[in-house]
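Hi everyone, thanks for making time for this. Please have the sequence and the model open while I talk.

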Amino acid sequence: MNWFDQQAKPFLSAHAPEKLPSLQSDYERLQRLIARPDHITVCFLGNSGVGKSTLLNALAADEAQVLPAGGIGPLTAQATEVLFDAPELASADEGDAPSDNLEGLIKQARNIVCGKQFAEQPLEYLVDALRFACSMEPKWDARLDDADMQRVIRIRRILAAGKSGQVHERKSQARTFAT
């Protein structure tokens, strides 16, 4: 930081003033990062609509929504920084209509249960599948097709492992549980 202040900044001012605003912005950002208490940085990468924002919301915000989610296109196509600090968290935008939030949740359920956000399964099917994944009794006795049932059984195992304190590890393509 001292080097930038004492050597680089005067040199750039004299020889490349057009570069200075960008570097000054980076310099100020670094100062803010240095002043911030220690924290852990985690990166989530994946294709559009696979649930990265949904997972981050669940980890950082529980019931609140700090990131746009819902699998309705590339919502966080750029790097987004989420800080978790205060007990009171931001919620969905005030302008979001309840039907938009509900539709986003339905798309998430379709993505979880059917593997694709635009699946044609009815809401009762999705709710029963998610209830089964959470070890609850179904409400509508929906009969899941084989591919969806396999997906939901995997989710059920992962949830059960988490409740029992087991660690879920991915080994090559097969998923196993290790204690």
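Let me begin with a question: by about how much of a helix are Arg 151 and Asp 148 separated in helix H6? Before I answer, please keep in mind that this is a predicted model.

Now the answer. Arg 151 and Asp 148 are 3 residues apart in helix H6, which covers residues 146-163, and so about one helical turn separates them. In general, side chains of opposite charge can pair when their charged atoms come close. Here Arg 151 does form a salt bridge with Asp 148, and the closest N and O atoms are 2.9 Å apart. The structure holds 1 salt bridge, and both of its partners, Arg 151 and Asp 148, are buried.

Let's stay in helix H6 for a moment, where we also find Met 149. Is Met 149 buried or partly exposed? With a relative accessible area of 26%, Met 149 is partly exposed, since buried would mean under 20%. Leaving aside residues up to four places away in sequence, Met 149 touches Phe 132 and Leu 144. Met 149 and Ala 129 are 20 residues apart in sequence, yet from C-alpha to C-alpha they are 7.8 Å apart in space.

Next, please find Val 152. With residues up to four places away in sequence left out again, Val 152 touches Val 113, Ala 129, Phe 132, Ala 133 and Leu 144. Val 152 also belongs to the largest nonpolar core, which has 11 residues in all. The other members are Ile 106, Ala 109, Val 113, Cys 114, Ala 119, Tyr 125, Leu 126, Ala 129, Ala 133 and Leu 144. Which elements give two or more residues to this core? They are helix H4, residues 98-114, and helix H5, residues 123-133.

Helix H4 is also the place of Gly 104. Gly 104 is buried, with a relative accessible area of 5%. If you look for Gln 117, it is 13 residues from Gly 104 along the chain, and the two C-alpha atoms are separated by 9.3 Å.

Now let's move to the start of the chain and helix H1. This helix has 14 residues, 2 to 15, and at 1.5 Å a residue it should span 20 Å. Its end C-alpha atoms are 19 Å apart, so the model agrees with that expectation. Helix H1 has a bend of about 40 degrees at Ala 8, and a proline, Pro 10, follows within four residues. Ala 8 is also one of the buried residues of H1, together with Phe 4 and Leu 12.

What do those buried residues pack against? They pack against helix H2, residues 20-35, and the buried residues of H2 in turn pack against H1. Helix H2 has 16 residues and reaches 22 Å from its first C-alpha to its last, close to the 22 Å expected.

Which residues of H2 are buried? They are Leu 20, Gln 24 and Tyr 27. Because they cover an arc of only 55 degrees around the axis, these residues sit on the same side of H2. On the other side of H2, Pro 21 and Arg 32 are exposed.

To close, a quick look back at the salt bridge: Arg 151 and Asp 148 form it, and both are buried. Thanks for listening, and I'm happy to take questions!

Definitions and conventions. Residues are numbered from 1 along each chain as its sequence is written. This is a predicted model: local features need pLDDT of at least 70, side-chain atom pairs count only at pLDDT 80 or more; totals for chains, interfaces and linings use all residues. Side-chain values use heavy atoms; hydrogens and water are left out. The expected span of a helix is 1.5 Å times one less than its number of residues. The bend at a residue is the angle between axes fitted to the seven residues ending there and the seven starting there. Buried means under 20% relative accessible area, exposed over 50%, partly exposed in between (1.4 Å probe, protein chains only). Contact means heavy atoms within 4.5 Å. A nonpolar core is a set of buried Ala, Val, Leu, Ile, Met, Phe, Trp, Tyr and Cys residues joined through side-chain atoms within 4.5 Å. The arc is that of the directions from the helix axis to the C-beta atoms. A salt bridge is a side-chain nitrogen of Lys or Arg within 4 Å of a carboxyl oxygen of Asp or Glu.
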